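Please examine the sequence and the structure shown below. The report that follows describes one part of the chain at a time.

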Amino acid sequence: MKRPLENCQRAGLTLVELLLVLAVICVLCALLYPSGRCKGNSVQVACHNNLKQLALSEIVWANDHGHDSLPAQLSTNVGGAREFVLAAQLKEYYKALSNELASARILTCPSNRQSPTDDFANLKTNHLSYFLNADAALGTNDNKVLHGDRQIEFMPPGRGAIVRLEPDTALRWRKGIHHKQDEFGNVASTDGSVQSTSNGGEVREIFQTSNQAKNRIVLP
Ligand SMILES: [Zn+2]
């Protein structure tokens, strides 16, 4: 005779459980979406900081060596690193600057699959996340772009590790850079500032204002 009541209780408990599960799913959905965005933003910010430190290290190098020239502009014969740059040997270029760079860790964007290394002796091309503009110069309005995320595409595509930008070269960040929904890449200038640029014309604009035709972009 008690069986119908037991059935009712069992049905009631199941309903409560179902509601609890639904509530947990709602809470998780609310929590997970913003945290995904935050992760993307933190990657973008960490990359921004890397580029800032990198550009400032090269400016410090120029000051330390009593030059108005960046290391990429001066021959290795006078303590610079130009030959490494023109041979697209960025790893050797950074090793030559290891006294000014705080750590080899800043050469790796957090979006890079390769984990960063602290040790310049262990530095491999896979660690290098940033391009270098061989024609960047201090104290000029032209050629102000110094470094940027290597995940940049050139249209028409350039050949080899050094791409000469022409006035009609279109530029865009690769899909999924830093965050799978965003296409924002970072660019460091010779004054030590870093800009986050989108594919909506900004990345092209930044090179145009720095006299695009004179920029040779060295890719790792
Ligand atoms: Zn990056």
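## A lysine in a loop and the strands beside it

Lys144 lies in the loop between β1 (130-133) and β2. Strands (E, at least two residues) and helices (H or I, at least four) are runs assigned by DSSP and numbered from the N terminus. The model is predicted: local features need pLDDT of at least 70, side-chain atom pairs count only at pLDDT 80 or more, and totals for chains, interfaces and linings use all residues. Residues are numbered from 1 along each chain as its sequence is written.

Is Lys144 buried or exposed? Lys144 is buried, because 23 other C-beta atoms lie within 10 Å. A residue is termed buried if 20 or more other C-beta atoms lie within 10 Å of its own, exposed if 12 or fewer, and partly exposed in between, with C-beta atoms placed from the backbone. The C-alpha atom of Lys144 is separated by 5.2 Å from that of Ser189, although these two residues are 45 residues apart along the chain.

Ser189 belongs to strand β8, where Gly185, Val187 and Ser189 point one way while Asn186 and Ala188 point the other way. Strand β8 (residues 185-189) is largely enclosed by the rest of the structure, because five of its five residues are buried.

Strand β8 pairs with two strands, as the next statements describe. Two strands are said to pair if DSSP finds at least two bridges between them. Strand β2 (residues 145-149) pairs with β8 in the antiparallel sense over three bridges, and Ser189 in β8 is the bridge partner of Val145. Strand β9 (residues 194-197) also runs antiparallel to β8, and four bridges join them. Here Val187 has Gln195 in β9 as its bridge partner. Together, β8 and β9 form a hairpin with four residues between them. In the turn of this hairpin, Gly192 has a positive phi of about 90 degrees.

Positive phi values also occur in two residues that are not glycine, Ala88 and His178. The table sets out their locations and values.

| Residue | Location | Phi | C-beta neighbours inside 10 Å |
|---|---|---|---|
| Ala88 | loop between α2 (82-86) and α3 (90-96) | near 55 degrees | 18 neighbours |
| His178 | strand β6 (residues 178-179) | about 70 degrees | 27 neighbours |

Ala88 counts as partly exposed because it has 18 C-beta neighbours inside 10 Å. His178 has 27 such neighbours inside 10 Å and therefore counts as buried.
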